[in-house]
Amino acid sequence: GKTVQLYADLIRNKVVLINYMAIDNEKDFPVIAGLLEVTEHLKAKLGTDFHIVSITSDPVRDTPARLRAFAKRMGIPKHGWHFVRIPGKDSAIVSARLHRHPMAPDPRSRIGVVHYGNEPLGLWGVFPVGISPVEAAMRVASVMPGKPISGEMRRAGPRKRDEAGHAFNNRIA
């Protein structure tokens, strides 16, 4: 129910997750339910170390009152998670900046992404909505401030072939 500036008030100087959602789509395409599971893995950090900005793709039906009731029903924490309605052509501008196609999605296919990043560092990434909550939490944690790196240099990049690790870190060669 408040007017805010998306970047200045919700993104600047923060580690954030940004996603599109619609209350009426949540039953068939549970974006918020999935992100809620991610917050369980980073619970102590929501609202302090990272924030979530959920932008409705249906600002006409998803009124402030309806978004508040939805957040309460879903058990969304009161601090650190913001539901945003962007009216008119501004929604298309933000959508284009987040690489979201402005046309209505094909009901036979759903491809949603969550953008995450550390704005002060300019470090950004994206993961698919259907990723496991553990892997999503690991990706978000990877852009959070942590201990300074010290000691001997270590190899970075994809894991070596046949080495144990997460599937998304594998080489295809």
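Visitor: Where is the place of S95 in the chain?

Guide: S95 sits in helix 4. Bear in mind that this is a predicted model.

Visitor: What makes S95 count as buried?

Guide: The relative accessibility of S95 is 2%. Buried means under 20%, so S95 counts as buried.

Visitor: How far from S95 is I55 in space, and how far in sequence?

Guide: The two are 40 residues apart in sequence, and their C-alpha atoms are 9.4 Å apart. I55 also belongs to a core, which comes up further on.

Visitor: How do you know what confidence to give helix 4?

Guide: From its pLDDT, which has a mean of 76 in helix 4, the lowest in the chain. Helix 3 has the highest, at 96. Over the whole chain the average is 82, and 79% of the residues score at least 70. Where pLDDT is low, predicted coordinates should not be read in detail.

Visitor: What comes just before helix 4, and why is P87 called exposed?

Guide: P87 lies in the loop between strand 3 and helix 4. Exposed means over 50% relative accessible area; P87 has 58%, so the word applies. The C-alpha atoms of P87 and T56 are separated by 9.9 Å, with these positions 31 residues apart along the chain as the separation.

Visitor: Which elements make up the chain, and in what order?

Guide: The chain has five helices and five strands. Read from the N terminus, the order is α-β-α-β-α-β-α-β-β-α. Of the 173 residues, 35% are buried.

Visitor: How do you know which contacts join residues far apart in sequence?

Guide: By counting places along the chain. Among contacts between residues at least 6 apart in sequence, 70% join residues at least 24 apart.

Visitor: What makes the largest nonpolar core a core?

Guide: A nonpolar core is a set of buried nonpolar residues joined through side-chain atoms within 4.5 Å. The largest one here has 28 residues, and those with the most contacts inside it are L17, F50, W81, F83, F127 and V140. Strand 1, helix 2, helix 3, strand 3, strand 4 and helix 5 each supply at least two residues of this core. Helix 2 gives the most, with five. A second, separate core has 11 residues, including Y20, V53, I55 and V84. In soluble globular proteins, nonpolar side chains tend to be buried together.

Visitor: Which residues is F127 in contact with, leaving aside its neighbours within four places in sequence?

Guide: F127 is in contact with L17, G112, V113, V114, Y116, A136, R139 and V140.

Visitor: Why is V113 called partly exposed?

Guide: Partly exposed covers the range between the 20% and 50% cut-offs. V113 has a relative accessible area of 36%, so it falls in that range. V113 is in strand 4. Beyond four places in sequence, V113 touches I18, N19, V126, F127, P128 and V129. The C-alpha atoms of V113 and N19 are separated by 6.8 Å, although these residues are 94 apart along the chain.

Visitor: Is I76 buried or exposed, and what does I76 touch?

Guide: At 10% relative accessibility, I76 is under the 20% cut-off and therefore counts as buried. I76 is found in the loop between helix 3 and strand 3. Apart from residues up to four places away in sequence, I76 touches I32, L36, A71, W81 and F83.

Visitor: What is notable about the phi of N13?

Guide: N13 has a positive phi of about 60° although it is not a glycine. Most residues other than glycine have a negative phi. N13 is in the loop between helix 1 and strand 1. With a relative accessible area of 58%, N13 is over the 50% cut-off and so is exposed.

Visitor: Which residues line the largest pocket?

Guide: The lining has 25 residues, and G1, K2, H82, F83 and V84 lie nearest the centre of the pocket. About 1000 Å³ of space lies in this pocket. Helix 3 gives the most to the lining, with five residues.

Visitor: How do the lining residues of the largest pocket divide?

Guide: They divide into 15 nonpolar, four polar and six charged.

Key:
Residues are numbered from 1 along each chain as its sequence is written. This is a predicted model: local features need pLDDT of at least 70, side-chain atom pairs count only at pLDDT 80 or more; totals for chains, interfaces and linings use all residues. Side-chain values use heavy atoms; hydrogens and water are left out. On a 1 Å grid over the protein atoms alone, a cavity is a set of points where a 1.4 Å probe fits but cannot get out, and a pocket is an open set with protein on both sides within 12 Å along at least five of seven lines; lining residues have an atom within 4 Å of a point. Grid points are joined across faces, edges and corners, and a volume is the space filled by probe spheres set on the points. Helices (H or I, at least four residues) and strands (E, at least two) are DSSP runs, numbered from the N terminus. Ala, Val, Leu, Ile, Met, Phe, Trp, Tyr, Cys and Pro count as nonpolar, Asp, Glu, Lys and Arg as charged, and the others, Gly among them, as polar. Buried means under 20% relative accessible area, exposed over 50%, partly exposed in between (1.4 Å probe, protein chains only). Contact means heavy atoms within 4.5 Å. pLDDT is the predictor's confidence in each residue, from 0 to 100.
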